[in-house]
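Colleague: I've got a model open and I'd like to learn how to read it. Could you walk me through a few features?

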Amino acid sequence: RDEFPNVVLFDIETAPAEAWSFQVWKTNIQPDFIRNPWHMLGWSAKTLFDSTILSDIVTPEEAKNRDDKRISESLWNVINTADIVIGHNARRFDIPHANTRFLVHHLPPPSPYKIIDTLDVVKKNFAFEHNKLDYVNRVLDLSRKIETDRGLWQACMAGDEKSLSMMQEYNKNDVGILEELYVELRGWVKSHPNLNLYIEGIGDACPNCLHETMEYVGFYYADTRKFFSYRCKNCGAIVRSKKMAGKAKVRSVAR
């Protein structure tokens, strides 16, 4: 379809906090012992099905100063235009971490958006041995993460320009493989935002992907009502009609 909501896939990379500690295991670090809070090293994002990947990374000087103000502002500009945001562990990591840096730099809340977390979809529907993005993509024969190690993060924090460039490519690749996973999972997202609400028209396309060809597969049964059920021929999602196909006059009593 020519019309489509602004669906943004994104991923951020962060540098750890620096703190003093008397021990490694089972320790509780007091606030006064936190020398420097964590900060953002970079971010990458893309509009769904757009070949362009947007990205920003701290400069060597910004890295050494732990200064992520500029890249926080550029990420805010992207998130602020999104109708729907997609990430892997976005609800518990990327979004709260991004919001933290927005607040630190006195940026207002971005415009409201819906969230699709592919990690939540994987956990709720499947039983992979691991739910990490790279492992799930490996099992599904999709594109994989770029191999790296923790030394890259240390070099980036020290302001090494080559390492920062490598980090940016690593981050951009993560967004690309995230898109592959989302498209593979799309039909399984039961709480997917209804895309019909974002476009002009009669609103009877697949709510998950806006494909207009669906086939009848039977009925969807609620407690006292039933609805016609259809399968999208593009993403495979099962959808139901808004109009009832039948209604019961009584129901069982909950015990």
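Colleague: Let's start with the cysteines. Why is there no bond between the sulfur of Cys209 and the closest cysteine sulfur?

Modeller: Keep in mind that this is a predicted model. For a disulfide, the two sulfur atoms have to lie within 2.5 Å. Here the cysteine sulfur closest to that of Cys209 belongs to Cys232, and it sits 3.5 Å away, so it's too far for a bond. By that rule you end up with zero disulfides.

Colleague: And are Cys209 and Cys232 buried or exposed?

Modeller: Look at relative accessibility, where buried means under 20%. Cys209 comes out at 8%, so it counts as buried. Cys232, at 2%, is buried as well.

Colleague: On to the sheet. In what order do the strands run?

Modeller: Read across from neighbour to neighbour: β5-β4-β1-β6-β7, five strands in an open sheet with mixed pairing. The edges are β5 (54-57) and β7 (114-117), each of which pairs on one side only. From one strand to the next, the twist averages 25°.

Colleague: How do β1 and β6 pair?

Modeller: They're parallel, with three bridges between β1 (residues 7-15) and β6 (residues 84-87). To find your way in, pick Leu9: its bridge partner in β6 is Ile86.

Colleague: Which strands does helix α2 lie across?

Modeller: Helix α2 (residues 69-79) lies across β1, β4, β5 and β6, at about 25° to β4. Then there's helix α7 (residues 161-185), which lies across β1, β4, β5, β6 and β7 and runs at about 145° to β1.

Key: Residues numbered from 1 in each chain as written. Predicted model: local features only at pLDDT ≥ 70, side-chain atom pairs only at ≥ 80, totals over all residues. Heavy atoms only, no water. Buried < 20%, exposed > 50% of the residue type's maximum accessible area, 1.4 Å probe, protein only. Pairing = 2+ DSSP bridges. Helix = DSSP H or I, 4+ residues; strand = E, 2+ residues; numbered from the N terminus. Axes fitted to C-alpha atoms, helices over the stretch in contact; angles between N-to-C directions. Contact = heavy atoms within 4.5 Å.
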